Amino acid sequence: MKFKRWAAGIVALLLVFSLGLVACAKPAGGTPEDNPVPAEEEEEEVETESYKLGFSCINMDNPYYDTLEASIREAVEEAGSTLISKDPKGDSTTQIQQIREMISDGIEAIFLCPVDWEKIQPAVTELKESDIKIINLDTQVQNREDVDAYIGSDNTSAGVICGEKLIEAAPDGGQVVILECITQNSIIDRINGFEETIAGEGFEVVARAETYGEREEAKKQMASILQEQEHITAVMCGNDQIALGALDAIEEAGRTDMMIYSVDGSPELKQELAKDDSLVAGIAAQSPINIGKSAVTVAFQIMNGERYEEETLEEVLYIDRSNVEMYGVDGWQ
């Protein structure tokens, strides 16, 4: 009995204590002053480093490089940094002088597409001596160990794709013309990939010409070849500017008996490809927009001392008449 009376007392005390807590508590409703919300801590603003970067390409008259520069500029300026661009217009001596000017202007890194992959070496040396980071784009310099990173398309694969498509279109082989540029490593890789693919498949290279990667020179060289070659199955072009020049010459000669293959994917050549009677058979297309974005990402990783990929190869895709509208003819893919 004593135990029961003791337990009952304990229960009564607990009940009184609980009622006291309820009486002291504030109601769940009320004004904001009655129920203040704890102030959120303000996020600490992180200051991003601002850099001065340079851009030097082959020739801004080529829409590919114009688009590449615009992609890089957008990403650089969004990050609060500055981009200085120079256009050597296809002259290697001018490119070296412009790079020296950018070194004097205090650039900390450069996006570099060499006019001539061998002749650019003095500028590369001076950049390294000035401790300026080198992000090599599109066309590689000859001494690849001198640059901090390379970003470009898989150019060998681009040539292979064109070769494979030619074999499908002409399974019995035929006569091929190659329009190239031996000063640009990107075009060298494309042509090598193409020639290795068609080797042993019944094709004969009946003519090849140096175009310096330029439309007018390609037109001139193609016009000369047309006078010597009565039948041509296909023309392999190192880039779209070369292909457009070849197309100009072929149309002026009134020839309709050949297929043109190219690498780039510029709006102008895609517009030609989209025509029902076009001689342009297909394009191994690259994306200067994606290359530009990747280049800026890598550049800031280098500048900030972060881990980065020393080589980035963007995939190419094949565009022909069956899918050109999907990729659009008014811009780069």
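Q: What makes the pair Arg-215 and Asp-248 a salt bridge?
A: In this predicted model, the closest N and O atoms of Arg-215 and Asp-248 are 3.1 Å apart. The cut-off is 4 Å between a side-chain nitrogen of Lys or Arg and a carboxyl oxygen of Asp or Glu, so the pair qualifies as a salt bridge.

Q: Why can Arg-215 and Asp-248 be said to tie parts of the chain together?
A: Arg-215 belongs to helix H7 (residues 215-228), whereas Asp-248 belongs to helix H8 (residues 240-252), so their pairing links parts that are 33 residues apart in sequence.

Q: Why is Arg-215 called partly exposed?
A: Its relative accessible area is 23%. Partly exposed covers the range between the 20% limit for buried and the 50% limit for exposed, so Arg-215 falls in that class.

Q: And what makes Asp-248 buried?
A: Asp-248 has a relative accessible area of 18%. Buried means under 20%, so Asp-248 counts as buried.

Q: What makes Asp-61, Asp-87 and Lys-89 a network?
A: They are joined by salt bridges that share partners. One contact here is between the side chains of Asp-87 and Lys-89, at 3.2 Å from N to O. That value is within the 4 Å limit, so this pair is a salt bridge. By the same rule, the count comes to 15 salt bridges.

Q: How do you know that Arg-190 and Asp-138 form a salt bridge?
A: Their N to O distance is 3.9 Å. With the limit at 4 Å, the pair is counted, so the term applies. Arg-190 sits in helix H6 (residues 185-198) and Asp-138 in the loop between strand E4 (133-137) and strand E5 (149-153), so this bridge ties together parts 52 residues apart in sequence. Both Arg-190 and Asp-138 are buried.

Q: What makes H6 a mostly covered helix?
A: Ten of the 14 residues of H6 are buried. Among them are Ile-187, Arg-190, Ile-191 and Phe-194. The buried residues of H6 pack against H5, strand E6 (174-180), strand E7 (203-210), E8, H8 and strand E9 (259-264). Just after H6, Gly-200 takes a positive phi of about 75 degrees.

Q: How do you know that the length of H6 agrees with its number of residues?
A: At 1.5 Å a residue, the 14 residues of H6 should span 20 Å, and the end C-alpha atoms are 20 Å apart, so the two values agree.

Q: What does the same check give for helix H5 (residues 155-169)?
A: For its 15 residues the expected span is 21 Å, and the end C-alpha atoms are 21 Å apart, so H5 agrees too. Its buried residues include Ala-158, Ile-161, Cys-162 and Leu-166.

Q: And what about helix H10 (residues 288-303)?
A: The 16 residues of H10 should span 22 Å, and the distance between the end C-alpha atoms is 22 Å, which agrees. Including Ile-291, Val-298 and Phe-300, the buried residues of H10 pack against strand E1 (52-56), H2, strand E3 (109-112), E4, E5 and strand E11 (311-314). Just after H10 comes Gly-305, with a positive phi of about 70 degrees.

Q: Why is Asn-239 called buried?
A: Asn-239 has a relative accessible area of 4%. The limit for buried is 20%, and 4% is under it, so the label fits. Asn-239 is found in the loop between strand E8 (234-237) and H8. Leaving aside residues up to four places away in sequence, Asn-239 touches Asn-62, Ile-187, Arg-190, Gly-213, Ser-262, Val-263 and Asp-264.

Q: What is known of the largest pocket, and which residues lie nearest its centre?
A: The largest pocket has a volume of about 420 Å³ and is lined by 26 residues, with Ile-58, Gln-184, Tyr-212, Gly-213 and Glu-214 nearest its centre. Helix H2 (63-78), H6 and H7 each give two or more residues to this lining. By type, the lining has six nonpolar, eleven polar and nine charged residues.

Conventions:
Residues are numbered from 1 along each chain as its sequence is written. This is a predicted model: local features need pLDDT of at least 70, side-chain atom pairs count only at pLDDT 80 or more; totals for chains, interfaces and linings use all residues. Side-chain values use heavy atoms; hydrogens and water are left out. Helices (H or I, at least four residues) and strands (E, at least two) are DSSP runs, numbered from the N terminus. Buried means under 20% relative accessible area, exposed over 50%, partly exposed in between (1.4 Å probe, protein chains only). On a 1 Å grid over the protein atoms alone, a cavity is a set of points where a 1.4 Å probe fits but cannot get out, and a pocket is an open set with protein on both sides within 12 Å along at least five of seven lines; lining residues have an atom within 4 Å of a point. Grid points are joined across faces, edges and corners, and a volume is the space filled by probe spheres set on the points. Ala, Val, Leu, Ile, Met, Phe, Trp, Tyr, Cys and Pro count as nonpolar, Asp, Glu, Lys and Arg as charged, and the others, Gly among them, as polar. The expected span of a helix is 1.5 Å times one less than its number of residues. Contact means heavy atoms within 4.5 Å.
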